[in-house]
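Open the model in your viewer and keep the selection box ready. We will go stop by stop.

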Amino acid sequence: MSVTVRVPAKVNVQLAVGAAREDGFHDLANVFLAVSLYDEVTVTPSRELTVTCSGPDADQVPLDRTNLAARAAELLAARHGIDPAVHIHIAKDIPVAGGMAGGSADGAGALLACDALWGLGTPKADLLDICAELGSDVPFSLVGGAALGTGRGERLTELPVGGTFHWVFAVADGGLSTPAVYREFDRLAEGTAVPVPAASPLLLDALCTGDASALAGALANDLQPAALSLRPSLAATLTAGVEAGALAALVSGSGPTTAFLAKDTDAAQQIADALLASGTCRTARVASAPAPGATVL
Ligand code: C5P
C-alpha cells in the first residue's frame, strides 16, 4: 500500500523583505501564489526511512536526512512516538533550488502522505506547525491557492483570487542558495533604513479581481536586486521575456528562476518559445495559477 500526494510550486507575487532579525531571519510580507507545476511524493511502508527521486534534475536532490521530505516523516513520526519506516519517492517536476519552493513542496507532500499512510488524522493546525518547523515556505506548500505570509513567511492568511493567471517560468542553469541571496540583500541594504514590510493593497486587489494587467503593475520582489547581483545574466532573461510580450517579469523568490506574467495561454506559449529561442535560459515552462495545495491522489 502506498499514498501519493501532489504538491504545487509557488511564485512570490510580492516579496517585501524587512531588516535582518536577531535570529538571522527577515520579517516578510510575502504574497505567495501556487502555480501548476507539481512534484508528486509517494510513501510506501519500508524497513527504514529512505528517499529516492526521479525527474530531469533528480541528480541535484539530496537523498539523505537533509531532504525536507525525510525530515517531515521524522518530525511527524516523533510527534506520534512511531518509527518513520517509509520509503519516500519524489517524482520531481519543480525546478531544483530555483526559488519556486520545490524542496518545501516535498516536505509538505511527505508530511501529508505519511499522515494518510499511518492513519494519524493529524489536525491541519498541527500539520501547519510541523510545516513551519521544516521551513518558512513549507506551510504555504500545504495550503496552496494564494496567501499572505508574515513573520518569516510561515504565518499565513489565505487570500481570495478572482481569476486564472497565466505564467511562464524560465529555468536557469544551476540553483541559487536562499541564505546567500538573503546575505546579499543585507549587504546591499547596509547603511540604509529598510522599511517594515507590508503587503500592497493594489496587489491584493488585483489578485482578488483576477486582473492580470493590474497584477503586472504591482509585482515586486525585494530579493531581485540581490539575485541579479549574484547572477547578472538573469537581466537578459527578464528583458527577453518582456520583449516577447510579457505583461511583467520578475525573479521568482530568491531565484534564479524568472517569472513572466502573460495575458492568456497563447501569449504564455509565445513567451515560452521566445525565451527558449533567446538562449538566455535552460528551459521555459508555462503554468497557471492559482493551483490547489498538497492533495492526496
Ligand atoms: O526557512 P528556510 O529554512 O526556508 O530559510 C532558509 C534560509 O533563508 C534561512 O536560513 C535564512 O538565511 C533565509 N531566510 C531569511 N528570512 C526569511 C526566510 C528565510 O533570512 N524570512
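## Stop 1: two helices that cross

Select α1 and α2: α1 passes α2 in a right-handed crossing. (Right-handed means the near helix is turned clockwise from the far one by less than a right angle; anticlockwise would be left-handed.) Helices are DSSP runs of H or I with at least four residues, strands are runs of E with at least two, and both are numbered from the N terminus. This is a predicted model, in which local features need pLDDT of at least 70 and side-chain atom pairs count only at pLDDT 80 or more, while totals for chains, interfaces and linings use all residues. Residues are numbered from 1 along each chain as its sequence is written, and side-chain values use heavy atoms, with hydrogens and water left out.

Helix α1 covers residues 68-80 and helix α2 covers residues 102-117. They pack at an angle of about 35°, and their axes are 7 Å apart. (Axes are lines fitted to C-alpha atoms, for helices over the stretch in contact; angles run from 0 to 180 degrees between N-to-C directions.)

Now show side chains. On α1, the contact uses Leu68, Ala69, Ala72, Ala73 and Leu76. On α2, pick out the partners, among them Gly103, Ala110, Leu111 and Cys114. (Contact means heavy atoms within 4.5 Å.) Colour the contact by class: eight residues are nonpolar, three polar and two charged. (Nonpolar covers Ala, Val, Leu, Ile, Met, Phe, Trp, Tyr, Cys and Pro; charged covers Asp, Glu, Lys and Arg; the others, Gly among them, are polar.)

## Stop 2: a second partner for α2

Keep α2 and add helix α3, residues 124-134. Their axes come within 10 Å and cross at roughly 145°. This crossing is right-handed. From α2, select Gly107, Leu111, Leu112 and Asp115; from α3, select Leu127, Ile130, Cys131 and Leu134. This contact has six nonpolar residues, one polar and one charged.

## Stop 3: the largest pocket

Which residues lie nearest the centre of the largest pocket? Select Leu68, Ser104, Asp137, Thr178 and Pro179. In total, 43 residues line this pocket. The space in it is about 1000 Å³.

(On a 1 Å grid over the protein atoms alone, a pocket is an open set of points with protein on both sides within 12 Å along at least five of seven lines; a cavity is a set where a 1.4 Å probe fits but cannot get out; lining residues have an atom within 4 Å of a point. Points are joined across faces, edges and corners, and a volume is the space filled by probe spheres set on the points.)

Next, light up β1, β2, α1, α2 and α5, the elements that give two or more residues to the lining. Helix α5 gives the most, with five residues. The lining has 16 nonpolar, 19 polar and eight charged residues.

## Stop 4: an open sheet

Select four strands in the order β9-β10-β7-β11. They form an open sheet with antiparallel pairing. The edges are β9 (248-251) and β11 (283-289), each pairing on one side only. (Two strands pair if DSSP finds at least two bridges between them.) Neighbouring strands are turned by 25° against each other on average, direction ignored.

Zoom in on β7 and β10: five bridges join them. Ala170 stands opposite Thr258 in β10. Then add helix α10, residues 265-278, which packs on the sheet and touches β7, β10 and β11. Its direction makes about 10° with that of β7.

## Stop 5: the cavity

How many cavities of 30 Å³ or more are there? The count is one. The largest cavity has a volume of about 60 Å³. Of its 13 lining residues, Val96, Val171, Ala172, Gly174 and Arg282 lie nearest the centre.

## Stop 6: backbone oddities

Most residues other than glycine have a negative phi, and most peptide bonds are trans. Select Ala97, in the loop between β4 and α2. Its phi is near 50°, a positive value. Go on to Gly255 and Pro256: the peptide bond is cis, with omega near 10°. Finish at Ala289 and Pro290, where the bond is cis with omega near 0°.
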